[in-house]
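Take a walk through this fold, from its overall layout down to single side chains. Keep the 3D view open as you read.

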Amino acid sequence: MQVNDTAAIVTGGASGLGLATAEALAQKGAKVFAFDLPSSIENAPAIDGVTYVAVDVTDPAQVQAGVDEAAGSGVPLRTVVNCAGIG
């Protein structure tokens with residue numbers, strides 16, 4: 001899949017599988033918006049090409065605001081990977 005010069009959203013993107021996915025997409029040239037809870041983002045590593053966005057995926061208004069940010073990034077939003085979960 002070619003993701004260079006596109007935007008991607010990864011839910012649960014600040015740790016675990018979501019973080020690995022966000023990093024892999026960024027390495028392929030995507031502009032990644034990693035949605036996660038504020039407490040998770042605080043401990044997330046800085047990765048070139050990844051922007052952390054505080055989003056609780058159970059809150060529709062927060063999800064819409066995050067999608068609007070990604071869609072307005074200047075490149076087409078083409079990818080969404082859902083890795084958010086509750087343990």
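The paragraphs below go from the whole chain to its cores and then to four single residues.

Start with the status of the coordinates: this is a predicted model. The protein contains three helices and four strands. Followed along the sequence, these elements alternate in the pattern β-α-β-α-β-α-β. The radius of gyration is 12 Å, close to the 12 Å that the globule rule gives for 87 residues, so the protein is as compact as a globular protein of that length. Its C-alpha trace spans about 30 × 25 × 20 Å along the principal axes.

Next, look at how the chain packs on itself. Among contacts between residues at least 6 apart in sequence, 55% join residues at least 24 apart. Of the 87 residues, 38% count as buried. The accessible surface comes to about 4900 Å², and carbon and sulfur atoms account for 52% of that surface.

Now go inside. The largest nonpolar core has 16 residues. Leu25, Ala30, Val32, Val50 and Tyr52 have the most contacts within this core. Which elements each supply at least two of the core residues? They are strand S1 (7–11), helix H1 (16–27), strand S2 (31–36) and strand S3 (50–54). H1 gives the most, with four residues.

Val32 is a good place to view this core. Leaving out residues up to four places away in sequence, Val32 touches Ala8, Val10, Ala22, Leu25, Ala26, Gly49, Val50 and Thr51. Another core lies apart from the largest one. This other core has seven residues, including Ala7, Ile9, Phe33 and Val53.

Helix H1 deserves a closer look. Leu19 lies in this helix. Is Leu19 buried or exposed? Its relative accessible area is 16%, under the 20% cut-off, so Leu19 is buried. Beyond its neighbours within four places in sequence, Leu19 is in contact with Gly12, Gly13, Ala14, Pro45, Ile47 and Tyr52. Leu19 also shows how the fold brings distant parts of the chain together: Leu19 and Cys83 are 64 residues apart in sequence, yet their C-alpha atoms are 8.9 Å apart in space.

Thr21 lies in H1 as well. Thr21 is buried, with a relative accessible area of 17%. Where does its side chain reach? The Thr21 side chain comes to 2.8 Å from the backbone oxygen of Leu17. Thr21 also touches Val10, Val81 and Cys83, with residues up to four places away in sequence not counted.

Move on to the loop between helix H3 (60–71) and strand S4 (77–82), where Ser73 lies. Ser73 has a relative accessible area of 15% and is buried. A polar atom of the Ser73 side chain lies 2.9 Å from the backbone oxygen of Ala70. Setting aside neighbours within four places in sequence, Ser73 is in contact with Ala7, Lys31 and Phe33. Two of these contacts, Ala7 and Phe33, lead back to the core of seven residues.

Finish at Asp5, in the segment before S1. Asp5 is not a glycine, but its phi is positive, at about 60°. Why does Asp5 count as exposed? Its relative accessibility is 53%, and exposed means over 50%, so Asp5 falls in that class.

Conventions: Residues numbered from 1 in each chain as written. Predicted model: local features only at pLDDT ≥ 70, side-chain atom pairs only at ≥ 80, totals over all residues. Heavy atoms only, no water. Core = buried A, V, L, I, M, F, W, Y, C linked by side-chain atoms within 4.5 Å. Buried < 20%, exposed > 50% of the residue type's maximum accessible area, 1.4 Å probe, protein only. Contact = heavy atoms within 4.5 Å. Polar contact = N/O pair within 3.5 Å; in protein donor to acceptor, adjacent residues only side chain to side chain. Rg over C-alpha atoms; globule rule 2.2 N^0.38 Å. Areas by Shrake-Rupley, 256 points an atom, 1.4 Å probe, with all protein chains shown as cover.
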